[in-house]
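Work through the exercises below with the coordinates open. Each task is followed by a solution in steps.

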Amino acid sequence: MDSEGRLRKETMKGFWQENPVFVQLLGLCPALAVTNSAINGLAMGGATTFVLLGSSILVSLFRNLIPKQVRITTFIITIATFVTVADLSLQALFPAIHKELGAFIALIVVNCLILGRQEAFASRNPFRLAVGDAVGMALGFTMALVLVGGIREILGSGSLFGVSLFGDAFEPWVIMILPPGGFLTLGVLLIIFAQVQKSRSQRQAHIKSKGLEAA
Amino acid sequence: MASIKRAGPFRLIATLGIAGFFSGLVLVTVFLATQPLILRNQAEALEAAIYRVLPGSKKQKAFVLEEDTLVPFKEDGGRLPLEDAVFGAYDDNGQLVGFGIPAEGPGFQDTIKLIYGYDVESENIVGMEVLESKETPGLGDKIIKDQDFLDSFKALSVEPEVLAVKPGTSQNSNEVDTISGATISSKAVIKIINEGNRRWIDLVSQIGESEEKP
């Protein structure tokens, strides 16, 4: 495969085939906890994107200098630094968003999606691919959080991105913005994702067997 | 990574040391750059809340507790000790409108921090706003959003103390309807206000009297 194709493949896999939330089931704590509105999902996704991209760039650049025995420690130091920078910057520049997300910004440190990408990808691959992988995974994660947050906000508050959708007559389904709503929404989305994935691979297998027959 | 499989102890320590050093450098830089902004945000949020809970106020002045009396806070005296401070609020002519009183206490999930406006002349609470809380979204957090609940703090008598009553049953000027679905949280707000009253009302009334004399 040429290098452009490889870059595209590594970038796109985070959106669908290896989507961190819907396929790998990583980073579920923020995916459940802060997604009671679309804007919170977006803010959390943005902060995670910053941390993942920053960490992947550094880890990939220095991958040949970091001895194997202390690699995890070095990854954690890198990630924790980026998280603290994100935490303080949000507090200084967007106090309203920081107030909403509270402790979950600091908890990005222990999001296994980020450490997982360092160990599985950034520490073994050149800079360009590591950036592609980080961008794809981070945007796939953000997309999942906005999707869960959007659905929960529409059903639980009758609005999307804070804009009221149905007027006063709508009786909000409060449970959707409470913790159980997170589990319900994510569960239903996982079923849909798995079904689509399954029928796609069945169709591909079908096409392949037909192709063989014809040959 | 494969090229340095057998890194010596010195190399390991050096790697972690260098990583730690640069991490520290970045963190301290970002901390120093953001700290003034963060403090300013907090001060601005508090200042704006004081104007909202005391309608008509345009200027404000902080008072701090020193040896059982309230004295004006001196700007050069370093950081304002928020837990021992109240805020006098004044209209355009410099007339005292009332006092913004910060108070906090346990809520349903975590500490609720709020501020309320107290009018010394009418001896009424004239406004209340929750500054910080982690009450349940959709239920307990109605104490921040429920307009009827917030409106009941706009002319609320504090004599003999504020009472929490069942939704829709308040009759006297010192009673507040609790919010259905947020009973514990709304009772917590009222308890916090009563505790704030016990601590501050006599003190701010003294200031109110002394400011009216000249």
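The exercises treat a predicted model and go from the chains to their contact.

**Exercise 1. Describe the secondary structure of chain A and of chain B.**

Step 1. Count the elements: chain A has 9 helices and 2 strands, while chain B has 4 helices and 9 strands.

Step 2. Read the order along the sequence. Chain A gives α-α-α-α-α-α-α-α-β-β-α. Chain B, starting from the N terminus, gives α-β-β-β-β-β-β-α-α-β-β-β-α.

**Exercise 2. Determine the extent of chain B and set its radius of gyration against that of a compact globule.**

Step 1. Take the box along the principal axes: the C-alpha atoms of chain B fill roughly 80 × 45 × 30 Å.

Step 2. For a compact globule of 214 residues the radius of gyration would be near 17 Å, whereas chain B has 24 Å.

Step 3. For chain A, the C-alpha trace spans about 60 × 55 × 25 Å along its principal axes.

**Exercise 3. Find the share of buried residues and of long-range contacts in each chain.**

Step 1. A residue is buried if 20 or more other C-beta atoms lie within 10 Å of its own. By this cut-off, 38% of the 215 residues in chain A are buried, and 30% of the 214 residues in chain B.

Step 2. Consider contacts between residues at least 6 apart in sequence. In chain A, 76% of these join residues at least 24 apart; in chain B, 53% do.

**Exercise 4. Work out the strand order of the 7-stranded sheet in chain B and place helix H1 on it.**

Step 1. The sheet is open, its pairing is antiparallel, and the order is S2-S1-S3-S4-S5-S6-S7.

Step 2. Strand S2 (69–72) and strand S7 (156–157) of chain B are the edges, each pairing on one side only.

Step 3. Inside the order, S4 (residues 96–106) and S5 (residues 111–119) of chain B form an antiparallel pair over 8 bridges. Ile101(B) has Tyr116(B) in S5(B) as its bridge partner.

Step 4. Helix H1 (residues 9–53) of chain B lies across S1, S3, S4, S5 and S6 of chain B, and runs at about 150 degrees to S6(B).

**Exercise 5. Which residues form the contact between the two chains, by number and class?**

Step 1. The contact draws 24 residues from chain A and 23 residues from chain B.

Step 2. On the chain A side, helix H4 (residues 71–93) gives the most, with 10 residues.

Step 3. Sorted by class, the side of chain A that touches chain B holds 11 nonpolar, 11 polar and 2 charged residues.

Notes:
Residues are numbered from 1 along each chain as its sequence is written. Chains are lettered from A and ligands numbered from 1 in the order in which they are written. This is a predicted model: local features need pLDDT of at least 70, side-chain atom pairs count only at pLDDT 80 or more; totals for chains, interfaces and linings use all residues. Ala, Val, Leu, Ile, Met, Phe, Trp, Tyr, Cys and Pro count as nonpolar, Asp, Glu, Lys and Arg as charged, and the others, Gly among them, as polar. The radius of gyration is taken over C-alpha atoms; the globule rule is 2.2 Å times the number of residues to the power 0.38. A residue is buried if 20 or more other C-beta atoms lie within 10 Å of its own, exposed if 12 or fewer, and partly exposed in between; C-beta atoms are placed from the backbone. Two strands pair if DSSP finds at least two bridges between them. Axes are lines fitted to C-alpha atoms, for helices over the stretch in contact, and angles run from 0 to 180 degrees between N-to-C directions.
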